[in-house]
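I opened a fresh page for this one and wanted to see how its helices and strands are put together. My notes follow in the order in which I looked things up.

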Amino acid sequence: MIKESVPRIHFYDQDFVDMYDRAWVWLDELWHPGDKDSKFPEGYFTHNDSSIIDLYDVSLSSLFLMYSNQMYSPYSMVDYFYARQESDGHIWDRYDLNTDAPVVDPENPLGVTLPLLPFVEFMFYHKIGNKKRLKDVVPYLEKYYGWIKENFQMENGLYVVPEKANHTGNLFRGNAKYTIDFNAAMTVFAYYMSTIGDILNDKELSFQYKRVYFALKTRINSMMWSVEDNFYYDMDEEGNTVGIKHIGAFWTLLAKIPNDEYASYLIEELKDDKEFGTDNPFPSVPVSSPYFDENGNGYNGGVSSFMTYIIIKGLMNYDAFTFARECAIRHLYFILDTLHPGEEKQGHCWELYKPYSEGAAVCPEGLVNRKKYLPSVGLVTITLCIENVIGLDISLPRKTVNWTMQNLEAMGIEVLSLKKNNITILSNKNQRGWEIRLESEKLYYFTISILDEDKRKTLPIPSGKCSILIDKL
């Protein structure tokens with residue numbers, strides 16, 4: 001039943017397809033259907049069926065629920081948080097569903113979290129095409145930004161938040177006060193708010209957040225970049241870089257903070273097997289760090305699927321498709337090997353993995369490595385599978401599907417819903433050579449790029465069935 005409702009993927013390694021299917025089955029086991037009179041009219045789920053709903057989990061989950069053909073809509077879960085926004089713009093990071101009351105953590109007393117909502121809403125728009133929704137949510141996002149600014153921005157323009165807000169567990173940061181990951185995430189917030197302004201043709205909104213974006217970007221480049229090490233660092237109270245390398249620095253790629261020169265240094269760090277380029281990319285601290293532990297030790301060596309997603313999306317901003325795809329595939333194989341450790345036993349999916357060998361990262365007492373943590377598992381087994389392994393970039397409002405392939409392989413997607421238009425795109429080799437078969441209910445524009453063969457072509461795809469012979473491009 002589930003396989004018939006969500007898009008079906010095709011890939012030459014059937015294990016990837018099975019893992020994709022299994023993620024949807026796991027989600028279905030946790031999914032609570034909604035009804036129009038409930039606070040979740042389109043349904044919801046929580047990790048391990050807990051009574052706590054978490055904004056961080058919801059934001060991550062939204063980025064793969066978009067591909068469920070509306071069977072598992074993310075809207076109700078995101079809107080739950082908007083509906084509870086306080087008059088000063090405050091949105092708590094966690095609520096108890098039994099009481100609708102905030103869950104207060106003494107280590108994060110105001111409940112601030114990584115501000116992903118504008119990024120999530122931008123992705124909603126391109127997958128579901130609802131411009132009215134964008135217009136409706138802007139007031140919530142603006143008030144939320146105002147609350148974060150009022151409570152956490154310092155005189156130097158950078159932000160200071162509790163460590164819990166960065167979601168990096170036991171990562172050792174020394175005497176850091178200004179963390180690079182949260183400040184880069186705020187830059188992402190501003191970038192996508194400005195982009196939403198452009199979509200809505202709201203020049204004031206666009207200009208306001210462009211100013212915020214460039215101001216933060218300039219501060220991060222001038223204050224948190226080390227010329228000696230060619231790396232972004234956390235900063236201490238006195239304004240000195242702390243000098244402890246960690247995975248949070250790569251948020252800057254998603255925020256488009258580094259220029260091409262700085263980005264090239266960061267990408268080399270990701271490729272270097274003595275730094276972040278482990279077999280399972282990318283560990284939370286580099287191999288060269290005195291804090292690195294090959295068994296993981298939580299966030300002092302463990303590999304986070306969520307951060308792997310963030311880095312891969314950041315790499316795409318710097319035309320590094322091939323490397324990004326390679327890293328997505330490598331990480332997927334480690335998830336697979338941990339899920340199927342041997343014929344005699346069944347494994348599991350985890351929040352954190354070891355950097356060199358299959359298996360869950362070991363965690364110190366007090367830090368839980370969450371089993372079957374769907375918000376991050378689905379980001380890789382569904383979103384990265386579609387967007388980076390198969391290579392599809394889809395925009396409903398633009399009526400475009402871009403398919404980037406490293407080389408010709410048998411793969412594709414079936415019955416992906418673009419609002420009321422179901423599309424199928426499959427590549428196969430037959431007697432006539434490599435052929436792409438397409439099926440659609442409405443016109444859209446299809447761009448095929450085959451990197452190894454230096455081929456690129458954009459074609460209007462009419463309703464009905466058609467095919468493209470690659471040799472004729």
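**Entry 1: a helix pair.** I began with helix H12 (residues 321-339) and helix H13 (residues 374-390), which pack with their axes 10 Å apart and at an angle of about 150°. A reminder to myself that this is a predicted model. Angles over 145 degrees count as roughly antiparallel, and H12 and H13 are therefore roughly antiparallel to each other. I also checked the handedness: H12 passes H13 in a left-handed crossing.

Which residues of H12 and H13 meet? On the H12 side I listed Phe321, Ala324, Arg325, Ala328, Ile329, His331, Leu332 and Ile335. On the H13 side I found Val380, Thr381, Leu384, Cys385, Asn388 and Val389. I sorted the residues of this contact between H12 and H13 by character and got 10 nonpolar, three polar and one charged.

**Entry 2: the sheet of five strands.** Next I traced an open sheet whose five strands come in the order E1-E11-E12-E13-E16, with antiparallel pairing. Which strands stand at the edges of it? They are strand E1 (8-10) and strand E16 (464-469). Each has a single partner strand, so one side of each is left without a neighbour in the sheet. I looked at the twist too: direction ignored, neighbouring strands of this sheet are turned by 15° against each other on average.

Inside this sheet I picked one pair to follow. Strand E12 (residues 421-430) runs antiparallel to strand E13 (residues 433-440), and seven bridges pair them. To fix the register, I noted that Asn428 has Glu435 in E13 as its bridge partner.

**Entry 3: the sheet of three strands.** I then turned to another open sheet, in which three strands follow the order E2-E3-E4 with antiparallel pairing. Here strand E2 (52-54) and strand E4 (101-102) stand at the edges; each has a single partner strand, so one side of each lacks a neighbour in the sheet. E2 and strand E3 (residues 94-96) run antiparallel and are joined by three bridges. For the register, I wrote down that Ile52 stands opposite Asp96 in E3.

**Entry 4: a hairpin.** Strand E14 (residues 444-450) and strand E15 (residues 455-461) caught my eye as an antiparallel pair joined by seven bridges. Ser449 has Arg456 in E15 as its bridge partner. How many residues lie between the strands of this hairpin of E14 and E15? I counted four, and Asp454 takes a positive phi near 50° in the hairpin.

**Entry 5: backbone oddities in loops.** With one positive phi already on the page, I went looking for others. His167 has a positive phi of about 55° although it is not a glycine. I located His167 in the loop between helix H6 (131-152) and helix H7 (180-199). Is His167 buried or exposed? Partly exposed is the right label, because its relative accessibility is 22%, and buried would mean under 20%.

Asn230 is not a glycine either, and has a positive phi of about 55°. I placed Asn230 in the loop between strand E5 (225-226) and strand E6 (231-232).

My last check was on peptide bonds. The bond joining Pro281 and Phe282 is cis, with omega about 5°. Phe282 is found in the loop between helix H10 (260-271) and strand E7 (303-304).

Conventions. Residues numbered from 1 in each chain as written. Predicted model: local features only at pLDDT ≥ 70, side-chain atom pairs only at ≥ 80, totals over all residues. Heavy atoms only, no water. Pairing = 2+ DSSP bridges. Helix = DSSP H or I, 4+ residues; strand = E, 2+ residues; numbered from the N terminus. Axes fitted to C-alpha atoms, helices over the stretch in contact; angles between N-to-C directions. Parallel < 35°, antiparallel > 145°, perpendicular 65-115°, else oblique. Left-handed = near helix turned anticlockwise from the far one by under 90°. Contact = heavy atoms within 4.5 Å. Nonpolar A, V, L, I, M, F, W, Y, C, P; charged D, E, K, R; others polar. Buried < 20%, exposed > 50% of the residue type's maximum accessible area, 1.4 Å probe, protein only.
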